[in-house]
Amino acid sequence: MEIVTTIRREVLTLPAAHLGPDNPLPPLRPLDEVHRIEDRDRQDLPRDMARQIGCAPLRSLLPVRVRDGYDRRREPRPVDALVIENDRLRATVLPALGGRVGSLVHKPTGRELLYRNPVFQPANFALNGAWFSGGIEWNIGATGHTTLSCSPVHAARVPAPDGGEMLRLWEWERLRDLPFQVDLWLPEGSDFLYAGVRIRNPHEKPVPTYWWSNTAVPEDRRVLAPAEEAWHFGYGRRLRRVPVPVHDGVDRTYPPHSTYAADYFYELPERRRRWIAALDADGHGLVQTSTDALRGRKLFVWGRGPGGRRWQEWLTEPGTGGYCEIQAGLARTQLEHVRLEAGSEVSWLEAYGPLDARPDGEWTGVLREAEDRLEAVLPRAGVDAAHAAWRPYADTEPGERLATGSGWGALEVLRAGWKLPGTPFDEATLGEEQEPWLHLLRAGSLPEPADGRPPGGTLVAPHWRDMLETAPATPPSGRGDSRLAALTEYHLGVAQWHAGDLAQAVRSWERGLRHAPSAWPVLRCLAVADQEARHPERAAERYARAFDELCRERREAGDEDGSWTAATAALGREAIEALLAAGRTADARSVWTRLDPGTRARGRFRLVEAGLLLAEGRREEARAVFDAGFEVADLREGDEAVGRLWNGLTGEPLPRRYDFRMRPAP
């Protein structure tokens, strides 16, 4: 039998914003995650759901850094792509952007089955910031969009079960320290893209695990899933059971019928086939189905309210149709994490393809007909058989490498000596970010710090914290370099803070401060500790000192790679907020004047400027900032800061361009 599936490289040219540098400040504050519920609601939930909602929710982004350096200036830029194609489907995968499937075209009809975003525009929706809309994204780690949304993953050719080729994607997820893989293949003549997914826990203890596959589709669809009830979650942070398809007198399976952004987690009966579909008025669309391990199904809608419409425009370009998302996950809701036992793994198979069925009519009949049609084109037993056929190939070593991800997996494999067949994390992938930690692993100490740049990121897992605690604060040369002592105490404090040992973290930072010729990183950490301990005046003083020290050191060091500009912007923003909270308006103004003109022109800092002007009593000038217009590129999902500041200036309605509200006004 001739195999006609091909995998090839392509370069797309898209109007794309620049990602920019990561925020160099360690994210010490508790995670600002909107997807959580009030404790009082848990008593009314099913016991297993309540238990999994309480299963080690993520409290910190460490060791990952925040990605907030992107802008909204889109220019034609090249985007690497990998195309897997047979005679029926063409899937375009973006390995530098989390391995997202950006497009899935059904060749016989010429239909794009996904919502394909014509631009690349990051926005602040991922756990660590930068995220973009469209396609099929693979979310691992914790509640929310993965920190890998805009990061590269490894990719290679691998033999497929039918004798053809698969495209393997794999990476090391750093929040939970778990390796995962996604194997994509198109059997000859198949109308369905198969995705074999595996998550492994190589550790000696259980790990909380999270996975949701999110698929963007045009919103002028009806969404079908085999359920009579759903768990509704809105931005009021309440989780409640509602009937499907109609609740509050409205059929919510039509995304445009909702007013505000909302999640509907469908309650699929235990033995029912797992599937979800989105069909247009003519009955054409996409269906996703899987083996039973991928239990959950969800519909996300933006709603027809002004905030939802504004977000849709924000994420793409004018004139582009809106979208919704149909999703599939390991648990019933995205507020839950499941337990992955020590030394174990979980795997499943997903299938994505076209479905033609009647979308409108009585719910039970529509579901029965759609499910019958799905069974005719892709039997449930066929999906189970495809999973069983794939499992022996999951350990196959990759062939030709098509893309390279990060070196973090290689560092962890070196440390622990793990054998992970099928997902090699080669030493050749180790890079500059891993170099200090490789030195700590091999020499027992951090390397002497290089001049001319802010400190790098910190590894915080218990084994790295243990190494930091036993590392000497002087280099092997014995010269007693105070910079090394300060750097070791700085990283140790960050790791202790992450572990919840706040008092010990403060002691480490205070020791580091005594040795530090570069004091601003430690002063900033101590300022955050002061804020968490409710000492705003002391926090403001330390922020002011930290910014003074940073400006002095930056003048001496130069800024060839832009790292100092990023550090100045990040620290300056935090310092202004802390100084205003302590009533030190003049000092906040002093920080503002020392920011780079380019930084002050950014939308986020125009908002900061308006708040500063309002604090100074210069209301007309603050209003003029709004009238002139600005765009806060990294406005957070659910963030109402723009509206709050506007309400402090005027009683007028919030202008549409600033209205990103995702819930009714309180």
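# Exercises on loops, helices and cores

Asp-248 lies in the loop between β18 and β19 (250–251). The model you are looking at is predicted, so let's work through it with that in mind.

**Exercise 1.** Work out whether Asp-248 is buried or exposed, and say what sign its phi has.

*Solution.* Start with the backbone. Phi of Asp-248 is positive, about 55°, and this residue isn't a glycine. That deserves a second look because most residues other than glycine have a negative phi. Next, the surface: the relative accessibility of Asp-248 is 58%. The cut-off for exposed is over 50%, so Asp-248 counts as exposed.

**Exercise 2.** Do the same for Ala-56: find where it sits and which accessibility class it belongs to.

*Solution.* Go to the loop between α1 and β2, and there's Ala-56. Its phi is positive too, at about 45°, although Ala-56 is not a glycine. Now take its relative accessibility, 38%. Buried needs under 20% and exposed needs over 50%, so Ala-56 lands in the partly exposed class.

**Exercise 3.** Find the partner residue in the cis peptide bond of Pro-63, then the one for Pro-245.

*Solution.* Keep in mind that most peptide bonds are trans. Pro-63 is in the loop between α1 (47–53) and β2 (75–85), and a cis bond joins it to Leu-62, with omega about 10°. For Pro-245, look in the loop between β17 (239–243) and β18 (246–247). Here the cis bond comes from Val-244, and omega is near 10°.

**Exercise 4.** Decide how helices α8 and α10 are arranged, and list what makes their contact.

*Solution.* First find the helices: α8 covers residues 482–498 and α10 covers residues 520–532. Their axes are 10 Å apart and the packing angle is about 25°. Angles under 35 degrees count as roughly parallel, so that's the label for α8 and α10. The crossing is left-handed. From α8, the contact uses Tyr-490, Val-494 and Trp-497; from α10, it uses Pro-521, Val-522, Cys-525, Val-528, Ala-529 and Glu-532. Sort these by class and you get eight nonpolar, no polar and one charged.

**Exercise 5.** Which strand gives the most residues to the largest nonpolar core?

*Solution.* Begin with the core itself, which has 83 residues. Trp-138, Leu-184, Ile-199, Trp-211 and Tyr-266 have the most contacts inside it. The strand we want is β26 (residues 345–356), with six residues in this core. Don't mix it up with another core lying apart from it, which has 68 residues, among them Leu-440, Leu-523, Cys-551 and Ala-569.

Terms used: Residues numbered from 1 in each chain as written. Predicted model: local features only at pLDDT ≥ 70, side-chain atom pairs only at ≥ 80, totals over all residues. Heavy atoms only, no water. Axes fitted to C-alpha atoms, helices over the stretch in contact; angles between N-to-C directions. Helix = DSSP H or I, 4+ residues; strand = E, 2+ residues; numbered from the N terminus. Parallel < 35°, antiparallel > 145°, perpendicular 65-115°, else oblique. Left-handed = near helix turned anticlockwise from the far one by under 90°. Contact = heavy atoms within 4.5 Å. Nonpolar A, V, L, I, M, F, W, Y, C, P; charged D, E, K, R; others polar. Core = buried A, V, L, I, M, F, W, Y, C linked by side-chain atoms within 4.5 Å. Buried < 20%, exposed > 50% of the residue type's maximum accessible area, 1.4 Å probe, protein only.
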